[in-house]
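Visitor: Could you take me closely through the interior of this model, beginning with any enclosed space and then turning to the packing and the charged pairs around it?

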Amino acid sequence: MRFIDLFAGLGGFHLALKNLGHTCVFASELDSKLQELYFENFGIIPNGDIRNIEAESIPEHDILCGGFPCQPFSKAGEQNGFHDEKSGDLFYHILKVLRFHAPKYLILENVPNFAKHDEGRTWRIAEKLLRELDYDVQLKKLSPHKFGVPQIRERVFIVGKKAGLDGFLWPDEKWPELLFNENEININKVLDLNPIDARQIPEQITKCIEVWQDFLDRYPVGDKLPSFPIWSMEFGATYPYEEITPWKMGASELRKFLGSHGKLLDGLTDEQVFLSLPSYARVEQDKFPDWKIRFIKQNRTLYNENLGWINSWLPKILPFPSSFQKFEWNCKGAERNLTKLVLQCRASGLRAKRPTTAPSLIAMTSSQVPIITWENRYMTPRECARLQSMDELKHLPIAHTAAYKALGNAVNVEVVSLIAKALLECEQDKGLFEIQPTLFAI
């Protein structure tokens, strides 16, 4: 069958469908560098901005694919959804193509928050608009690690078909669930041994890891490590957060309290008062959301129950940027040894994970790339490509930063392959299609 690849990026949809025997007849990608790479990898020059492309100029096709931009729906952004001025309208340009060409199938991808954005109204609107074009549609969150790929990266996939999805049956008559347990896979599947092109960890991050290792070493052996994010800025802080926010209270009243890490606010200018609070506490809100109140309360309780050893540790974390002053232990029950775990530096803090799976690839800056601590290095672009099941892609961006960003924006080829195979072959197999998990393991 013929397919088109919208918001093509590195061509994850292209790889998946090409490997299933289908032919790409059109691609669209805004980034000129990625257009060049797409041509090098697939021999097709993508068109540019889908907003400037007339539907009539797009060739006839049977399948429309698209990982439309996620920023308007991501928890990490402003979550303006379809109203986002920069890219919120791009879903409507997908509808423009569907309305004119009426391809039999569609496969779309976005961040998991798309399903819950605006209390579910965004998905209900999208579903309604697709059904008005006579598509039966389904939505499901899936992650590569469920299919043997060592990366936990939940994404929403939307499948649609003209004349109903009755044939879209997996062996258990539903979307696929767990085929692999996280503990059955290992990140070593995608790693090279001491690759010569790997970037070493900067000294500041190495020292930050050492400081948080010291925190783990001091933590009482018999106590479980917190499942909530550790925000060291709350250790010693007393500013109000439950009934009123610092912004609502104002600088004059705030001077009675203590800011980040117990810093005195009395005697500071108004600007200095707010700069002495954690960045997440400076927002202009009358009341914090429940999750933020909960995290602040949990951290202050943790501090009050462990005053002695935390106070002797606390000066060590103060020289670091605020993002390094936060820590997430995402490996319950693992040995408290950061040199045996996979780490990632994010805006939300230093995150520790088991060496079974990599953290979710995002449109990363170089410092956010997963860290292979036992080799004191970052993952290479080629290793990250394997996490996206793109190892067969011959050409990646030359600059590491550009490669990491493109891979973070890409769709996972194995997941798309699994979905597409079931969706497109179900009519022939009539429910006899069998998932073989070993086919999808790296």
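Guide: A cavity is here a set of grid points where a 1.4 Å probe fits but cannot get out. By this rule, and in what is a predicted model, the count comes to 1 cavity of 30 Å³ or more. The space in this largest cavity amounts to about 40 Å³. Its lining is formed by E109, L142, P144, R153, R155, F157, V411, N412 and V415, and when these residues are sorted by class, 5 are nonpolar, 1 is polar and 3 are charged.

Turning to the packing, the largest nonpolar core holds 102 residues, and within it W212, W329 and L338 touch the most other members. Helix 13, which spans residues 413–429, supplies the largest share of this core, with 8 residues. A second core, separate from the largest one, has 26 residues, among them F7, I53, L98 and L106. Returning to W212, and leaving aside its neighbours within four places in sequence, one finds this residue in contact with I230, S232, W313, I317, F324, Q325, K326, F327, L338 and L350.

The charged pairs remain. A search of the whole structure finds 22 salt bridges, and three of them may be set side by side through the accessibility of their residues. In one, the side chains of E383 and R377 meet with N to O at 2.9 Å; E383 is buried, because its relative accessible area is 0%, and R377 is likewise buried, with a value of 1%, the cut-off for this class being under 20%.

In another, the closest N and O atoms of D391 and R382 are 3.8 Å apart. D391 is partly exposed, since its relative accessible area is 39%, and R382, at 23% relative accessibility, also counts as partly exposed. Neither residue should be read as part of an isolated pair, for D192, R382, R386 and D391 are linked in a network of salt bridges.

The remaining example joins the side chains of E132 and K128, at 2.5 Å from N to O. Both residues belong to helix 4 (residues 121–132), and because they are 4 residues apart there, about one helical turn separates them. E132 counts as partly exposed, at 48% relative accessibility, whereas E383 in the pair with R377 is buried.

Technical notes. Residues are numbered from 1 along each chain as its sequence is written. This is a predicted model: local features need pLDDT of at least 70, side-chain atom pairs count only at pLDDT 80 or more; totals for chains, interfaces and linings use all residues. Side-chain values use heavy atoms; hydrogens and water are left out. A nonpolar core is a set of buried Ala, Val, Leu, Ile, Met, Phe, Trp, Tyr and Cys residues joined through side-chain atoms within 4.5 Å. Buried means under 20% relative accessible area, exposed over 50%, partly exposed in between (1.4 Å probe, protein chains only). Helices (H or I, at least four residues) and strands (E, at least two) are DSSP runs, numbered from the N terminus. Contact means heavy atoms within 4.5 Å. On a 1 Å grid over the protein atoms alone, a cavity is a set of points where a 1.4 Å probe fits but cannot get out, and a pocket is an open set with protein on both sides within 12 Å along at least five of seven lines; lining residues have an atom within 4 Å of a point. Grid points are joined across faces, edges and corners, and a volume is the space filled by probe spheres set on the points. Ala, Val, Leu, Ile, Met, Phe, Trp, Tyr, Cys and Pro count as nonpolar, Asp, Glu, Lys and Arg as charged, and the others, Gly among them, as polar. A salt bridge is a side-chain nitrogen of Lys or Arg within 4 Å of a carboxyl oxygen of Asp or Glu.
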